[in-house]
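Here's a quick walk through the model on screen. Have a look at the structure first, then read on for the details.

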Amino acid sequence: MNQTQSVNGKRPVQATRFRDERTPTAQQDELIRYIYESWNKVSREVEHYSQNGAENGKGGALVYYYCDNEPNPMLKDFQPFDLEDWCRKRLSSNRTPPST
């Protein structure tokens, strides 16, 4: 069948016209590979340090956690909220027809 023939009154979909969105691009593959390799490198270093660090005299903190000692004055009025709940309510309100 050539591409100009119709099937059940419809034109056939050209396979090359649409790209499968689940197939990563070369750039996405490169990014995935970089993150994967970087994470594995860090994991190996942490494992190696936790097993051998104290024996080799390399004591000290390996992982640092950021902690504010003083609250940020720009955030004094910030009130945390449930973002998922907010999105769910917003989506729900957009789907329901307005009352008259």
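## Helix α1 and its greasy patch

L31 sits in helix α1, which covers residues 26-52. Helices here are DSSP runs of H or I at least four residues long, strands are E runs of at least two, and both are numbered from the N terminus. With 51% relative accessibility, L31 counts as exposed; the cut-offs are under 20% relative accessible area for buried, over 50% for exposed, and partly exposed in between, using a 1.4 Å probe and protein chains only.

L31 also teams up with Y34 and I35 in a nonpolar surface patch of about 340 Å². Patches take residues with over 30% relative accessible area and no salt bridge, joining like charges within 9 Å and nonpolar side chains (Val, Leu, Ile, Met, Phe, Trp, Tyr) within 5 Å.

## What you're looking at

This is a predicted model, so local features need pLDDT of at least 70 and side-chain atom pairs count only at pLDDT 80 or more, while totals for chains, interfaces and linings use all residues. Residues are numbered from 1 along each chain as its sequence is written, and side-chain values use heavy atoms, with hydrogens and water left out.

The protein has 2 helices and 0 strands. Of its 100 residues, buried ones make up 1%. About 10700 Å² is exposed, with carbon and sulfur atoms supplying 54% of that; areas come from the Shrake-Rupley method with a 1.4 Å probe, and for residues only the protein chains shown count as cover.

## Helix α2: length and cap

Does the geometry of α2 add up or fall short? Its 13 residues (83-95) should span 18 Å at 1.5 Å a residue, and the end C-alpha atoms are 18 Å apart, which agrees. The expected span is 1.5 Å times one less than the number of residues.

At the N-terminal end of α2, D82 acts as a cap, with a side-chain oxygen 3.2 Å from the backbone nitrogen of E84.

## Salt bridges along α2

The structure holds 2 salt bridges, each being a Lys or Arg side-chain nitrogen within 4 Å of an Asp or Glu carboxyl oxygen. R88 pairs with D85, their closest N and O atoms 3.6 Å apart. These two are 3 residues apart in helix α2, so about one helical turn separates them. R88 is exposed at 51% relative accessibility, whereas D85 is partly exposed at 25%.

D85 also bridges to K89, at 3.1 Å from N to O. Salt bridges with shared partners thus link D85, R88 and K89 into one network.

Conventions
Polar contact = N/O pair within 3.5 Å; in protein donor to acceptor, adjacent residues only side chain to side chain.
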